[in-house]
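Biologist: I'd like a close look at a single part of this protein, taken slowly enough for a first-year student. Could you walk me through it?

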Amino acid sequence: MTRRLLRFAFAALLVPAAALAGKPETPAAAKKAEPAPPAPAAKGYRVGPGDVLDVDVSQEPKLSGTFTVSEAGTVELELLGAVEVSGKTPEEIDELLTGKLKLYFKAPTVRLKVAEFHSQKAYVLGAVAKPGAYVLEGEASLLDVILEAGGTTAQSLGRLVLIRAEGADGTGGTAMSVELDKLLAGGVTGPGNAPVANGDVVFVPQSDLGLAGAGGVVDPSGGASVTVVGEVTKPGVFRLEPGATALAAGLAAGGVTKYAAPNRAKVIRAKANGRDVFSLELGDILKHGEKSKDIALEPGDMVIVPARLF
């Protein structure tokens with residue numbers, strides 16, 4: 001999505017969209033149903049597991065081809081074997097491969113691009129037209145992802161909550177609130193248009209949620225619900241049954257994916273004066289049955305399962 005397009009699309013963010021359906025819903029994912037056509041990666045994109053790379057080594061067809069980044073963050077190439085590429089930009093990978101091939105060829109020429117984007121995702125939930133997981137193809141901002149999600153609905157309280165994913169250095173896991181009118185007034189270059197990174201959650205509280213901060217949404221049919229996002233099979237909003245726990249919510253979301261770091265999961269609970277964040281060792285609960293580590297959920301809770309750090 002180009003910045004020029006965004007300038008002409010701000011109004012769409014304020015147009016009320018259809019309310020969520022009456023049943024608990026699994027958000028649809030944008031750009032995930034169909035693979036993206038081969039194209040140069042946007043500025044700032046870092047390759048990760050599941051991405052598909054198109055490698056062209058000049059005059060060496062045996063070394064050229066399409067390669068999927070493995071769970072370990074590597075691609076398997078002729079002559080070179082497993083090459084670690086996760087966390088690197090396409091330009092850095094290009095340079096890395098060129099350097100390695102110089103051991104075999106005098107002046108190798110490598111052209112590399114991301115053919116399919118899969119590894120970097122942000123989650124847009126709450127009072128938006130199309131809540132779900134959105135693939136990031138480079139640098140993205142709040143306006144980018146809100147526009148991709150079809151704008152806010154009539155139930156929006158007029159603010160956003162950006163929940164940062166936890167980084168490899170232990171940073172992240174913080175939340176910031178942004179007023180929608182100030183975000184739109186500032187535009188693309190405004191101070192409120194914060195960058196959105198892999199694993200971040202953008203939540204738009206709605207009018208029937210009497211909580212301030214980051215939490216789930218109340219199901220339109222009248223029942224309380226919780227939200228499950230991150231590395232789960234079916235991220236979405238689910239009805240909260242009496243006595244339900246974080247484990248039950250994770251199972252309702254289809255369980256964790258192969259890229260998940262379940263022992264770094266968190267439960268976020270909104271309060272009138274802020275929020276509580278609880279560490280959740282979901283992996284120990286799933287694999288070893290350590291039920292004492294499970295957490296009883298309350299209406300509006302959000303369960304976040306982060307990706308593994310490669």
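Are Tyr 45 and Phe 117 buried or exposed? Please start there and then carry on to whatever helps me get my bearings.

Modeller: Sure, just keep in mind that we're looking at a predicted model. Tyr 45 and Phe 117 are both buried. They also make up an aromatic pair, and the count of such pairs comes to 1. A pair of aromatic rings is described by the distance of the centres and the angle of the planes. Here the centres of the Tyr 45 and Phe 117 rings are 4.9 Å apart and the planes sit at 85°, so we call the pair edge-to-face, the cut-off being over 60 degrees. Now look at where the two residues come from: Tyr 45 is in the loop between α1 (3-9) and β1 (52-57), while Phe 117 is in the loop between β5 (110-116) and β6 (121-126), so the pair ties together parts 72 residues apart in sequence.

From there, β6 takes us on to a sheet. It's an open one with 5 strands, ordered β7-β6-β12-β9-β10, and its pairing is mixed. At the edges you'll find β7 (132-135) and β10 (175-179), each pairing on one side only. From one strand to the next, the twist averages 20°. Zoom in on β9 and β10: they run antiparallel and are joined by 5 bridges. As for Ile 163, its bridge partner in β10 is Ala 175.

One last stop is the loop between α3 (142-148) and β9 (159-163), where Ser 156 sits. Ser 156 has 19% relative accessibility, so it counts as buried, and its side chain reaches the backbone nitrogen of Gly 158 at 2.9 Å.

Terms used: Residues are numbered from 1 along each chain as its sequence is written. This is a predicted model: local features need pLDDT of at least 70, side-chain atom pairs count only at pLDDT 80 or more; totals for chains, interfaces and linings use all residues. Side-chain values use heavy atoms; hydrogens and water are left out. Helices (H or I, at least four residues) and strands (E, at least two) are DSSP runs, numbered from the N terminus. Buried means under 20% relative accessible area, exposed over 50%, partly exposed in between (1.4 Å probe, protein chains only). A polar contact is a pair of N or O atoms within 3.5 Å; within protein, one must be able to donate a hydrogen and the other to accept it, and residues adjacent in sequence count only if both atoms are side-chain atoms. Rings of Phe, Tyr and Trp (its six-membered ring) pair if their centres lie within 6.5 Å; planes under 30 degrees apart count as stacked, over 60 as edge-to-face and the rest as tilted. Two strands pair if DSSP finds at least two bridges between them. Axes are lines fitted to C-alpha atoms, for helices over the stretch in contact, and angles run from 0 to 180 degrees between N-to-C directions.
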